[in-house]
Amino acid sequence: MIFNAGDINSTISWDYYKEIKESKEFIFLKYGKELHTIIPKRVFRNKEELNEFKSLIKSKINK
């Protein structure tokens, strides 16, 4: 996964993540006891794009 935020760019292997959680507004990719990468759902252009991303992460992360 590649994150870009202003001048910050990082690449994180899917193996790093262990669990997926979801709320009404966010997707949480868990990588430690209380550590998450938080992805706001508002970054997706539409519901279809959000669903495609969720399918991708579910195929990459073992629950």
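**Close-up 1. Lys41, a loop lysine that is tucked away.** Lys41 sits in the loop that runs between strand E5 (36-40) and helix H1. This is a predicted model. Is this lysine buried or exposed? Lys41 counts as buried because its relative accessibility is 16%, and the cut-off for buried is under 20%. Setting aside neighbours within four places in sequence, Lys41 is in contact with Glu22, Ser23, Lys24, Glu25, Phe26, Ile27 and Leu50.

**Close-up 2. The Glu22 and Lys41 salt bridge.** Zoom in on the charged ends here: the side chains of Glu22 and Lys41 meet in a salt bridge, at 2.6 Å from N to O. Glu22 belongs to strand E3 (residues 19-22) and Lys41 to the loop between E5 and H1, so this pair ties together parts that are 19 residues apart in sequence. The two partners have their own burial classes: Glu22 is partly exposed because its relative accessibility is 42%, while Lys41 counts as buried at 16%. The link also shows up as a polar contact of 2.6 Å between the side chains of Lys41 and Glu22.

**Close-up 3. Other salt bridges.** How many salt bridges does the structure hold? There are 5, including the Glu22 and Lys41 one just shown. Glu19 and Lys21 bring their side chains together in another, at 3.2 Å from N to O. Glu19 counts as partly exposed with 28% relative accessibility, and Lys21 is partly exposed with 40%. Add Lys30 and you get a network: salt bridges link Glu19, Lys21 and Lys30. Elsewhere, the side chains of Glu49 and Arg45 meet at 2.7 Å, N to O. Arg45 is exposed, because its relative accessibility is 72% and the exposed class starts over 50%.

**Close-up 4. The largest nonpolar core.** This core has 13 residues, and the ones that touch the most other members are Ile27, Leu29 and Ile57. Which elements give two or more residues to it? They are strand E4 (26-30) and helix H1 (47-60). H1 gives the most, with 3 residues. In soluble globular proteins, nonpolar side chains tend to be buried together. For a feel of the packing, follow Ile57: leaving out residues up to four places away in sequence, Ile57 touches Trp14, Ile20, Ile27 and Leu29.

**Close-up 5. Rings meeting rings.** A search of the whole structure turns up 5 aromatic pairs. One of them is Tyr16 with Tyr17, an edge-to-face pair with 5.7 Å centre to centre and 80° between the planes. Tyr16 counts as partly exposed at 43% relative accessibility, whereas Tyr17 is buried, with a relative accessible area of 3%. Phe44 and Phe53 make a tilted pair, because their ring centres are 5.2 Å apart and their planes lie at 35°. Phe44 counts as buried at 15% relative accessibility; Phe53 is buried too, with a relative accessible area of 15%. Back among the tyrosines, ring pairs join Tyr16, Tyr17 and Tyr31 into a cluster.

**Close-up 6. The E1 and E2 hairpin.** Strand E1 (residues 2-5) pairs with strand E2 (residues 8-11) in the antiparallel sense, over 4 bridges. Which residue of E2 is the bridge partner of Ala5? Ile8 plays that part. The two strands form a hairpin with 2 residues between them, and Gly6 in the turn has a positive phi of about 65°.

Methods
Residues numbered from 1 in each chain as written. Predicted model: local features only at pLDDT ≥ 70, side-chain atom pairs only at ≥ 80, totals over all residues. Heavy atoms only, no water. Core = buried A, V, L, I, M, F, W, Y, C linked by side-chain atoms within 4.5 Å. Buried < 20%, exposed > 50% of the residue type's maximum accessible area, 1.4 Å probe, protein only. Contact = heavy atoms within 4.5 Å. Pairing = 2+ DSSP bridges. Polar contact = N/O pair within 3.5 Å; in protein donor to acceptor, adjacent residues only side chain to side chain. Phe/Tyr/Trp six-rings, centres within 6.5 Å; stacked < 30°, edge-to-face > 60°. Salt bridge = Lys/Arg side-chain N within 4 Å of Asp/Glu carboxyl O.
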